[in-house]
Every structure is written in structure tokens, then in C-alpha cells.
Amino acid sequence: MRELVERAQRGETAAFEALIRRSSDRLYAIAYRVLRDQYLAEDAVQQVLVTIWDELPRLRDPDRFEAWTYRLVVRAAVAEARRERRGSRVALLPDDNDVSPAPDQYRAIADRDQLERGFRRLTPEQRAVLVLQHYAGLSLAEIADVLGVPAGTAGSRVHYATRALRSALEADARAGAASAAPDTERPA
């Protein structure tokens, strides 16, 4: 990867295209998981690709390319989320919803939808640290590096984001239980 980055830094278009082919799916996946919207994620990635093209020659350490792109995509996704305060939208079934899931998949779909509702209640910054830890598989030190903060701050952000997600999931479960409970009051 280092050689490819160095060639792209020198302006080799083919090397840059190869770098983007290797990175674009990962960048989109992170942006989508932070933004929870396909079109906003595409916009954020497009901004990141332009930034990579413009700033790549100034990247001092080619070995840091992946961490650098993580930082760029997280910042772009958070900025996009701040610009575009949209209402939440929950997809109940996968995109190919013309295929009915098997009975044992209904629980998985319900769990995914509950997690989606909880995740949408988080701030973009909270979503970003959880995506970096649980989706990208970064350590706290790597998250700290991506976000440009001390490791203790990254740990604190992950802790509070996890706690906020747990609270959101519990609130969603309580709301679901309250709406499913039969009305026990009888009119006099």
C-alpha cells in the first residue's frame, strides 16, 4: 500500500485510481454507518475523495494513509450530519423487500430495527466512535489517532457513546412494552 500511496503522491493517476478502488467501499461503509443515509454518505465520500486528491501530496507518512482517510471520512460525515438535520427513517426490511424473510429471521430484523432506532438517537460524534470501534475494529489508540485526541479522551467518548446507546435501547424497549401492554384500567 505504501508504494501505491507514494506513486499517487507523485501524481500518477493510475495509482490514485487503484488507491480509491481499494478504499472507497471502506470509506462509504463508515460514512453510511455514521450518517444512516445512503445519499448523505455518498456526498460525504465524494468530499473525502476530493480532499484526498488535493491533500495526498502533503501526506507526510504514506504508512498513515488509512488512518488519515478514516479521519477525513469521520469529519466529513459528522459535518454532513450537522448540515443535514433530517428526520429519522427506519427500514423494516432489507432493500430487496420483495423477498419475505424466513420466520427465524424476523427476530433478527426486529433486533436490527431496534438497534437502528437507538443508533439514530445518538449524536453523529457518538455514532462515529462506535463505528470506528465496532465496525472498523480500531483500538482506542487508533481511534484517538483518527480523531486527533488523547487515548483517554477516545476511551471516554466510546464509554459515553456506549452508555447513550444502551439508554436509547432501553427507552425504546420500555416504549415498546408500554404500547404492547393491555389497558388494565376499567371505566367506572
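# Why these labels fit: helices, burial and contacts

Q: Where does V5 lie?
A: In this predicted model, V5 lies in helix 1.

Q: Why is V5 called buried?
A: The relative accessible area of V5 is 0%. Buried means under 20%, so V5 with its 0% counts as buried.

Q: What does V5 touch, leaving out residues up to four places away in sequence?
A: V5 touches L19, L56, L59, P62 and F65. One of these partners, L56, is 51 residues from V5 in sequence, yet their C-alpha atoms are 8.2 Å apart in space.

Q: How many helices and strands are there in the chain?
A: There are eight helices and zero strands. Read along the sequence, this gives the pattern α-α-α-α-α-α-α-α.

Q: What share of the chain's residues counts as buried?
A: The chain has 188 residues, and 37% of them count as buried.

Q: Among contacts between residues at least 6 apart in sequence, what share joins residues at least 24 apart?
A: That share is 63% in this chain.

Q: Which residues touch the most other members of the largest nonpolar core?
A: They are I52, L56, F65, V74 and L132, in a core of 49 residues. Seven helices are named as each supplying at least two residues of this core: helix 1 (2-9), helix 2, helix 3 (38-55), helix 4 (65-83), helix 6 (124-135), helix 7 (140-147) and helix 8 (151-180).

Q: What makes V74 a buried residue?
A: V74 lies in helix 4. Its relative accessibility is 5%, and the cut-off for buried is under 20%, so V74 counts as buried.

Q: Which residues is V74 in contact with, leaving aside its neighbours within four places in sequence?
A: V74 is in contact with I30, A128, L132 and L147. A128 is 54 residues away along the chain, and its C-alpha atom is separated from that of V74 by 6.3 Å. Looking from the other side, L132 touches Y70, V74, G137, L138, I143, V146 and L147, again not counting residues up to four places away.

Q: How do helix 2 and helix 4 come together, and at what angle do their axes cross?
A: A pair of packed helices is described by the angle and the distance between the axes. Here the axes of helix 2 and helix 4 come within 9 Å and cross at roughly 40°. The crossing is right-handed.

Q: Which residues in helix 2 meet which residues in helix 4?
A: From helix 2 come L19, S23, R26, L27, I30, A31, V34 and L35, and they meet F65, E66, T69, Y70, V73, V74, A77, E80 and A81 in helix 4. By kind, the residues of this contact divide into 12 nonpolar, two polar and three charged.

Q: How do you know that S23 counts as buried?
A: S23 has its place in helix 2, which covers residues 13-35. Its relative accessibility is 1%, and buried means under 20%, so S23 counts as buried.

Q: What does the side chain of S23 reach?
A: The side chain of S23 reaches the backbone oxygen of L19 at 3.0 Å. A polar contact needs N or O atoms within 3.5 Å, so this distance fits the cut-off.

Q: What stands out about phi of R36?
A: Phi of R36 is near 60°, a positive value in a residue other than glycine. Most residues other than glycine have a negative phi. R36 lies in the loop between helix 2 and helix 3.

Q: Why is R36 called buried?
A: R36 has a relative accessible area of 15%. That is under 20%, so the label buried applies to R36.

Q: What makes D37 buried?
A: D37 also has its place in the loop between helix 2 and helix 3. With 4% relative accessibility against a cut-off of under 20%, D37 counts as buried. A polar atom of the D37 side chain lies 3.0 Å from the backbone nitrogen of Y39.

Q: How do you know that A144 counts as buried?
A: A144 lies in helix 7. Its relative accessibility is 6%, and buried means under 20%, so A144 counts as buried.

Q: What does A144 touch, not counting residues up to four places away in sequence?
A: A144 touches V149, P150, A151 and A154. A154 is 10 residues from A144 in sequence, and their C-alpha atoms are 5.1 Å apart in space.

Key:
Residues numbered from 1 in each chain as written. Predicted model: local features only at pLDDT ≥ 70, side-chain atom pairs only at ≥ 80, totals over all residues. Heavy atoms only, no water. Helix = DSSP H or I, 4+ residues; strand = E, 2+ residues; numbered from the N terminus. Buried < 20%, exposed > 50% of the residue type's maximum accessible area, 1.4 Å probe, protein only. Polar contact = N/O pair within 3.5 Å; in protein donor to acceptor, adjacent residues only side chain to side chain. Core = buried A, V, L, I, M, F, W, Y, C linked by side-chain atoms within 4.5 Å. Contact = heavy atoms within 4.5 Å. Axes fitted to C-alpha atoms, helices over the stretch in contact; angles between N-to-C directions. Left-handed = near helix turned anticlockwise from the far one by under 90°. Nonpolar A, V, L, I, M, F, W, Y, C, P; charged D, E, K, R; others polar.
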